[in-house]
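This report goes through selected features of one protein chain. The sequence and the model are shown below.

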Amino acid sequence: FFGFHGAYSAKNAQTNGMDINPRVNFLSIYGFASASALIVGMVLVVFTLASHPRVPLLRVSFLNVGQGDSIFIRFSDDTTMLIDGGPDNMVLAELGLHMPWWKRRLDYVVLTHPDLDHYAGLSGVLEKYDVGMVLYNGHEAKGSAYHWLTRQMTDTHMSLVRVAQGGELTIDGKTISVLWPPRDYSAKDDNAASLVLGLAWGEMQFLLMGDVPKEQELTILDA
């Protein structure tokens, strides 16, 4: 409307002796039409994305965090889970590759065992993301890094839940089973008490082992 009004005004202005370039008004009309087409196109894209049926998909990503482990899982209902955080803030860059930039929530964080190369990166994760629940095996580490991590959880009133063999968590209609360790299990080696999770998705099965040694692996497989 404003573009056409400008062209009409330019024509009248020329008859009154005013020096107005009608080409400028033509560009105004063209710019308005282009902007209108762009807005319509954006609306169509948004409508298409909103109306498209959700494809049932499970994404399991093994993040590149150097030494240590970090696994990111996104379920088809958009529930997210991060298993371990690696040794430093490399995990944040990796999460940025697998999560939309506007998403700042992780529904579940799992700490398989309190070794520095598995939990140190979680400190940065807790600072950047809103975490719904932290699952761990009940074992704790000495040292300032782990103390700071637990303090972050306490200060934010985060849910810290101890899990053990036989425990289950249902997400998006699928069951994640805790296969190791037994509740009263004690070990001198933190690796031997690593949380081991099992996830079945259709014909696919995932066995997420933490750092559990071979002896415990054989015990789990024989169960």
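Leaving aside its neighbours within four places in sequence, which residues is His139 in contact with?

## His139 and its surroundings

The model is predicted. In it, His139 is in contact with Pro114, Tyr146, Tyr185 and Ala193, not counting neighbours within four places in sequence. His139 belongs to the loop between β5 (130-136) and α6 (144-155).

The relative accessibility of His139 is 17%, and because buried means under 20%, His139 counts as buried. Ser194 lies 55 residues from His139 along the chain, and the C-alpha atoms of the two are separated by 9.2 Å.

## Helix α6

Helix α6 has twelve residues, which at 1.5 Å a residue should span 16 Å. The C-alpha atoms at its ends are 16 Å apart, in agreement with that value.

Tyr146, Leu149, Gln152 and Met153 are the buried residues of α6. Viewed down the helix axis, the buried residues fall within an arc of 115°, so they line one face of α6. Ser144, His147, Thr154 and Asp155, on the other side of the helix, are exposed. Tyr146 thus appears twice in this account: as a contact of His139 and as a buried residue of α6.

The partners against which the buried residues of α6 pack include two strands, β4 (105-111) and β5. They also pack against α4 (116-119), α5 (122-128) and β6 (159-162). Just after α6, His157 takes a positive phi of about 55°.

## The sheet

Six strands form an open sheet in the order β1-β2-β3-β4-β5-β6, and the pairing is mixed. At the edges are β1 (59-62) and β6, each of which pairs on one side only. From one strand to the next, the twist averages 20°.

Strands of a sheet pair through backbone hydrogen bonds, either parallel or antiparallel. Strands β2 (residues 71-74) and β3 (residues 80-83) run antiparallel and are joined by four bridges. One of the residues in this pairing is Ile71, whose bridge partner in β3 is Ile83.

## Helix α3 on the sheet

Which strands does helix α3 touch where it packs on the sheet? Helix α3 (residues 90-98) touches β1, β2, β3 and β4. The direction of α3 makes about 25° with that of β2. Strand β4 is thus touched by α3 and is also among the elements against which the buried residues of α6 pack.

How values were computed
Residues are numbered from 1 along each chain as its sequence is written. This is a predicted model: local features need pLDDT of at least 70, side-chain atom pairs count only at pLDDT 80 or more; totals for chains, interfaces and linings use all residues. Side-chain values use heavy atoms; hydrogens and water are left out. Buried means under 20% relative accessible area, exposed over 50%, partly exposed in between (1.4 Å probe, protein chains only). Contact means heavy atoms within 4.5 Å. The expected span of a helix is 1.5 Å times one less than its number of residues. The arc is that of the directions from the helix axis to the C-beta atoms. Two strands pair if DSSP finds at least two bridges between them. Axes are lines fitted to C-alpha atoms, for helices over the stretch in contact, and angles run from 0 to 180 degrees between N-to-C directions.
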